[in-house]
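Me: I would like to go through this model term by term, asking on what grounds each label is given.

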Amino acid sequence: MSQGSDGKGIYLDKIFYADPESIDPERHIVAKYYVESELDLKAAGMAIATEESIGTWTEITTTNEWIRTKLPAKVFRTEGSGGTGFVWVAYPIDLFDLETSGIANILSMVAGNLFGLSALKNVRLVDVDFPKEVAEMYPGPRIGIEGVRRFVGTETARRPHLGTIVKPKVGLSPDQTARICYDAAIGGVDFIKDDETLVNQKFCPLEDRVVRVMEALDQVKSETGRNVLFAVNVTADPENMIKHAETAIDNGANTLMLDIVILGLPTVEWFIKSHDFHVPIHMHRAMHAAFTRNPRHGISMLVLAKVARLLGGDQLHVGSGAGKMGGEEGRKAELSEIIGFLRSDWHGKRKVFPVASGGIHPGFVPANYRVFGNDFVINAGGGIHGHPMGTRAGAAAMRQAIDACVAGVPLDEYAKNHEELRIAIERWGEMRLSED
Ligand code: CAP
Ligand code: MG
């Protein structure tokens with residue numbers, strides 16, 4: 001046992017270590033971390049367990065027997081060699097104030113001070129398992145994949161949903177926005193969203209925008225019979241967020257969008273738990289890359305996805321199999337794990353629609369389809385509104401690319417009889433897939 005004399009602030013006590021058999025997964029939140037340290041893995045894990053439960057850098061004279069026996073987090077498993085690898089830390093449920101501090105209190109421990117510990121050169125929270133007792137405190141998605149599909153009418157023919165982000169992302173008036181939404185919807189999109197940067201700017205007030213866009217989508221419904229979702233971004237401080245959401249819903253909005261990282265997860269928890277607007281919640285993840293991007297440090301997207309599902313997201317941006325913000329080879333396995341999680345049976349919660357977004361155009365659809373399969377939303381902003389023939393043709397080209405994938409026909413083959421797709425491929429090219 002050392003007591004902080006090494007200048008790294010390490011205090012190790014055997015109470016922060018346990019045999020795996022002694023950990024009851026129903027009585028603990030279990031976090032898996034990747035660490036790089038000069039300490040061996042067990043000690044590195046104990047440093048996390050100490051800091052994030054009852055301890056600090058030295059022994060404490062005020063620690064009583066109950067605290068020492070009931071509340072320490074414990075390392076119970078390591079994998080790797082030297083100081084590099086994975087450690088599993090179990091946090092007893094009794095540590096947490098689940099009723100009145102919820103996700104804030106959980107994150108303050110499993111994802112708190114540990115990222116700054118000098119003893120750890122790098123540390124990444126890669127996964128978290130919540131026991132039933134914690135999961136039951138959260139609604140999970142109220143609508144889920146099936147509810148969204150029911151609204152759009154794709155429960156049986158389970159093709160991917162096509163989404164768009166109105167572009168330019170900011171600067172358009174409500175009328176201009178509505179016209180673009182009409183064209184996109186007529187062209188074949190199922191889902192339209194505000195950009196994460198658009199809320200209630202003077203050039204495009206939220207109320208007017210919702211009124212105009214919903215009129216346009218009603219028009220589409222009367223012409224085609226199709227229901228199209230429009231996600232209104234209500235991201236703001238809590239007071240304004242509620243005002244924006246009520247205004248949106250009162251004017252017919254059928255989806256609400258939250259920038260969940262920017263808002264902070266406890267705000268998302270409060271918003272969803274205390275208000276049921278009876279519409280899907282679309283979760284944008286802007287700012288996530290500040291902590292998800294470095295594979296050796298930070299917090300994984302899988303962890304964010306687990307929390308987002310607990311809190312009640314119906315659709316969540318997860319990155320793409322190919323596009324401007326995804327598709328790196330090393331990240332494919334991680335992406336598949338996240339997609340698998342969102343669509344798995346989990347604590348009885350509804351399933352979340354994974355959303356691929358960022359720099360997507362028709363030429364990238366097959367690469368994304370290969371990773372996601374049928375149950376996902378594929379978004380294109382520039383890849384629709386930048387089509388040389390305009391938004392309507394851009395949406396049609398994306399739908400044709402999706403239809404080609406579902407039919408198992410190569411894109412260039414399908415493009416021979418589909419002009420919009422052919423022109424999109426001429427404009428932006430096509431990503432050829434390897435045979436694996
Ligand atoms: C896509 C997008 C999204 C990003 C977010 C944008 O537009 O709306 O914010 O996809 O990325 O403004 O860039 P484009 P992620 O289709 O025009 O690129 O889903 O990876 O968090
Ligand atoms: Mg955006």
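The exchange below sets computed values against the definitions behind them.

Reply: Before the first question, note that this is a predicted model, in which local features need pLDDT of at least 70 and side-chain atom pairs count only at pLDDT 80 or more, while totals for chains, interfaces and linings use all residues. Residues are numbered from 1 along each chain as its sequence is written, chains are lettered from A and ligands numbered from 1 in the order in which they are written, and side-chain values use heavy atoms, with hydrogens and water left out.

Me: What makes Asp195 and Glu196 donors of the magnesium ion (ligand 2)?

Reply: Donors are N, O and S atoms within 2.8 Å of the metal (3.2 Å for Na, K and Ca). The OD of Asp195 and the OE of Glu196 lie 2.1 to 2.2 Å from the magnesium ion, and so they count as its protein donors. Water is not among the atoms, so the site may look incomplete. Asp195 and Glu196 are also both buried, a word that stands for under 20% relative accessible area, with exposed meaning over 50% and partly exposed in between (1.4 Å probe, protein chains only).

Me: Why does Asn251 count as partly exposed?

Reply: Its relative accessibility is 24%, and therefore Asn251 falls between the two limits for buried and exposed. Asn251 lies in the loop between α8 (238-250) and β8, where helices (H or I, at least four residues) and strands (E, at least two) are DSSP runs, numbered from the N terminus.

Me: Which residues is Asn251 in contact with, leaving aside its neighbours within four places in sequence?

Reply: They are Glu207, Val210, Val211 and Met214, where contact means heavy atoms within 4.5 Å. Met214 is 37 residues from Asn251 along the chain, and their C-alpha atoms are separated by 8.0 Å.

Me: How do you know which strands pair in the barrel, and in what order do they close?

Reply: Two strands pair if DSSP finds at least two bridges between them. Three bridges join β7 (residues 229-233) to β8, which run parallel, and four join β8 (residues 255-259) to β9, also parallel; two bridges, again parallel, join β9 to β11 (residues 315-317). Eight strands close into the barrel in the order β5-β6-β7-β8-β9-β11-β12-β13. Individual partners can be named as well: Asn233 stands opposite Met257 in β8, Leu256 has Ile281 in β9 as its bridge partner, and Met283 has Leu316 in β11.

Me: What makes β8 mostly covered?

Reply: Five of its five residues are buried. Thr255, Met257 and Asp259 point one way from β8, and Leu256 and Leu258 the other way. In β9 (residues 281-284) both faces are likewise covered, with Ile281 and Met283 buried on one side and His282 and His284 on the other.

Me: Why are β2 and β10 at the edges of the open sheet?

Reply: The open sheet has five strands in the order β2-β3-β1-β4-β10, with mixed pairing. β2 (74-81) and β10 (298-299) each have a single partner strand, so one side of each is left without a neighbour in the sheet. Seven bridges join β2 to β3 (residues 84-92), and these strands run antiparallel, with Glu79 standing opposite Phe86 in β3.

Me: Why is α12 described as largely enclosed by the rest of the structure?

Reply: 11 of the 11 residues of α12 are buried, so the description follows. Among them are Lys306 and Arg309. Helix α12 (residues 301-311) lies across β4 and β10, and just after α12 Gly312 takes a positive phi of about 120°.

Me: Why does the largest nonpolar core lie between the domains?

Reply: A nonpolar core is a set of buried Ala, Val, Leu, Ile, Met, Phe, Trp, Tyr and Cys residues joined through side-chain atoms within 4.5 Å. Of the 124 residues in the largest one, Tyr33, Tyr91 and Phe271 touch the most other members, while α12 gives the largest share, nine residues. Domain 1 (8-135) and domain 2 (144-428) both give residues to this core, so it lies between them; the bounds come from an automatic or database domain assignment. Across the two domains, 21 residues of domain 1 are in contact with 24 residues of domain 2.

Definitions and conventions
Axes fitted to C-alpha atoms, helices over the stretch in contact; angles between N-to-C directions.
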